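Open the model in your viewer and keep the sequence panel beside it, since this tour moves from one selection to the next. At each stop, make the selection before reading on.

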Amino acid sequence: MRRILVTSALPNANGAIHLGHLFEHILTDIWVRFQRMMGNECYYVCADDAHGTATMLAAERLGTTPEAMIESLREEHADDFRRFLVEHDNYYSTHSPENEQYTREIYQRLAADGRTFTADVEQLYDPERKLFLADRFVKGNCPRCGHDDQYGDNCQECGATYDATDLGNPRSLLSDATPELRSSDHYFFDLAQFTDFLKDWTATDAVQPEVTNKLAEWLTGGLKAWDISRDGPYFGFTIPDTTEKYFYVWMDAPVGYMASFKNLCDRTRGLDFDDFWRADSKGEVHHFIGKDIINFHCLFWPAVLHGAGYRTPTKVHTHGFITVDGVQMSKSRGTFINAGTYLEHLDPEYLRYYFATKLSANTDDVDIQLDDFVQRVNSDLVGKVVNIASRCAGFIHRGFDGVLAEGVHDEELWAAVSGARRQLADLYERGDVGRAVRQITALADRTNQYIAEYEPWKHGNDPERRDEVQGVCSLGINVFRALVIYLKPIVPAMAAKAEAFLRVEPLAWEDAGEPLVAHEIERFKPLFTRIDRKDVDKVVAATVAEAESEAAEDEGSAEVSIDDFGKIDLRIAKVIDAKFVDGADKLLELRLDLGDTSRTVFAGVREAYDPDTLVDRLVVVVANLAPRKMRFGTSEGMVLAAGPGGEDIFLVSPDAGAEPGMRVT
């Protein structure tokens, strides 16, 4: 039995879980579930990446503390993953006492061995906000092509990369002030000291061949020291023996893998942290990441671990980027889909199955095609696999009291299906799940053809062919059972329903080697329903609506003068009708009485209010707002509300005595 610790890359604690996060965590979860079905001891941990200036500023905008904000998001993220059947053994945060302990310990070991140093660094400084500016918080003119409004690290026009200090006419995105050039002592990890070690490590099967080739380019070109510090104010851990120097997020983020596992060990009897992380550990550590962060996980991280006396990863599994219908995910196109939006309309196992069809052992990019998504689920999973059970179960119950035959009707077919488990196991192990799914559906095709050849529906009442009907349909049920075993890591909820139908204990991988004989099954109930393309369109429409709502909020956040404010006509309105907006997860459609006229307004309060409770309520509306065309219709105003959002948003209502049409002054 293997002992395996598995991680996925850490989502940032500054936004919702979306398709990109789901892809990586689902592919990791599939691998973990497969290992457990093989009888291996396998633990899966992850955490939110909580630190950084962006977190500090986001909390400031929300009027809360970074600690409160990141904990709220951590709970939301963990819940989203659970609803997609991703089984983390621990979903933690990098802002934890365990992470601080190990980050400081690792740094002190590296520093004691001369692996770190300090150097003076010049950076752009915002004199109004009194902080050094990360690249994302400064814009200016590209130093190569001169195009304006470019971020501090690369130009979107000509593709140039540069330092923020090279920008022309720089400005702070936090205050619009002109940044000053200031110097500060920074702490560095001397990565170049580990060049020979990394050349050897990256030449092993710890990384994929194409990753080895990419890393060789950096190793040959010479490794640069990594800046592992940031100046305060900053949300993170202070560097030992300093007060205003903090570990840069990429120093403590990967340590979050260790911290999350340590937290799990402290809560789990018999689970020892050192069994997996000490230098001579016989346990395995597997990281699943996207190819955009291979430099962190395949150069910086193994060097840090090695230098601090810990074991290096057994394998780093790298996947490609995600596109939708051939282009980058986009909110305006409705393809930058959040987990919560998807789940309002579609079953999570649809996505798990479709992602599985796209998984390969290499780092090629993955394109999610919405029409193909519908076709694959409906044709393969429902039309081929589940169809076998639905075709055969009725005959077993009608003619044989729900009891399967005592033998195997077609030994050749059964040998092909049961014997496939070894090759399929190898494909799962290598991460080539898409090829495994193709082989599974090919076996389903072959079985459906076998059933069609014998046509049990024609011979169910023929006494001379009674044994044949039972044999054919029993083999169909056994093939279905084997295919469910092979698909169980991908669609665990459907597999659980199938286990109940088959009246068996939770299925392990090797159960596919032996058929059920003379075994009683339950009556068949639908295990999976087809996708309605209209529901996919609703997900896209809801995503577009979210983007439009966010854009409207951003536009409304600009500073206005007292004269501008005086132009706003605020009126009392009475809600005469309220209803849900089909395809939007945040909007309600309100019909308002303003005394001398009525208006239709779309309001983003769906999560906080039941439409029925709003009828006859008085609200405050911006009456002279220009009508705005939306996907769902035209909004003819804006109702006033307050709060951080979601369920915690509150409509502004006047005191008793107010009437529709009254002006608010």
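The expected span of a helix is 1.5 Å times one less than its number of residues. Keep this rule in mind while you look at the model, which is a predicted one, and select helix H13, residues 370-400. With 31 residues, H13 should span 45 Å at 1.5 Å a residue, and its end C-alpha atoms are 43 Å apart, which agrees. Now move along the helix to Asn387, where a kink of about 50° is centred. Just after H13 comes Asp401, whose phi is positive, near 55°.

Stay with H13 and ask what it contributes to: how many residues does H13 give to the largest nonpolar core? It gives 15 residues, the most to this core, which has 161 residues in total. To see where contacts inside the core are most numerous, select Met258, Phe261, Trp277, Phe373 and Ile490. Then select Phe373 by itself and display its surroundings: not counting residues up to four places away in sequence, Phe373 touches Tyr342, Leu346, Tyr350, Leu351, Tyr354, Ile531 and Val536. A second core, separate from the one around Phe373, has 22 residues, and you can find it by selecting Ala13, Ala58, Ala59 and Leu73, which are among them.

Next, turn to a sheet. Select the five strands of an open sheet, whose order is E20-E19-E18-E21-E24 and whose pairing is antiparallel. The edge strands are E20 (598-603) and E24 (638-639), each of which pairs on one side only. In general, strands of a sheet pair through backbone hydrogen bonds, either parallel or antiparallel.

Within this sheet, select strand E18 (residues 570-580) together with strand E19 (residues 588-593), which run antiparallel and are joined by six bridges. As a landmark between the two, find Lys579, which stands opposite Glu589 in E19. Then add E20, which runs antiparallel to E19 and is joined to it by six bridges; here the bridge partner of Leu588 is Ala603 in E20. E19 and E20 form a hairpin with four residues between them, and Gly595 in the turn has a positive phi of about 90°.

Which residues of E19 lie on its covered face, and which on its uncovered one? Colour Leu588, Leu590 and Leu592 for the covered face, and Glu589, Arg591 and Asp593 in another colour for the uncovered face.

The last stops are in loops. Select Pro233, in the loop between strand E11 (229-231) and strand E12 (245-247), and look at the peptide bond joining Gly232 and Pro233, which is cis, with omega about 0°.

Then go to Glu455, in the loop between helix H15 (433-454) and helix H16 (456-459). Glu455 has a positive phi of about 45° although it is not a glycine, and Glu455 is partly exposed, with a relative accessible area of 25%.

Finish at Asp616, which is in the loop between helix H21 (611-614) and strand E21 (618-622). Asp616 is also a residue other than glycine with a positive phi, near 75°. Is Asp616 buried or exposed? With a relative accessible area of 52%, Asp616 is exposed, because exposed means over 50%.

Definitions and conventions:
Residues numbered from 1 in each chain as written. Predicted model: local features only at pLDDT ≥ 70, side-chain atom pairs only at ≥ 80, totals over all residues. Heavy atoms only, no water. Core = buried A, V, L, I, M, F, W, Y, C linked by side-chain atoms within 4.5 Å. Buried < 20%, exposed > 50% of the residue type's maximum accessible area, 1.4 Å probe, protein only. Contact = heavy atoms within 4.5 Å. Pairing = 2+ DSSP bridges. Bend = angle between axes of the 7 residues up to and from the residue.
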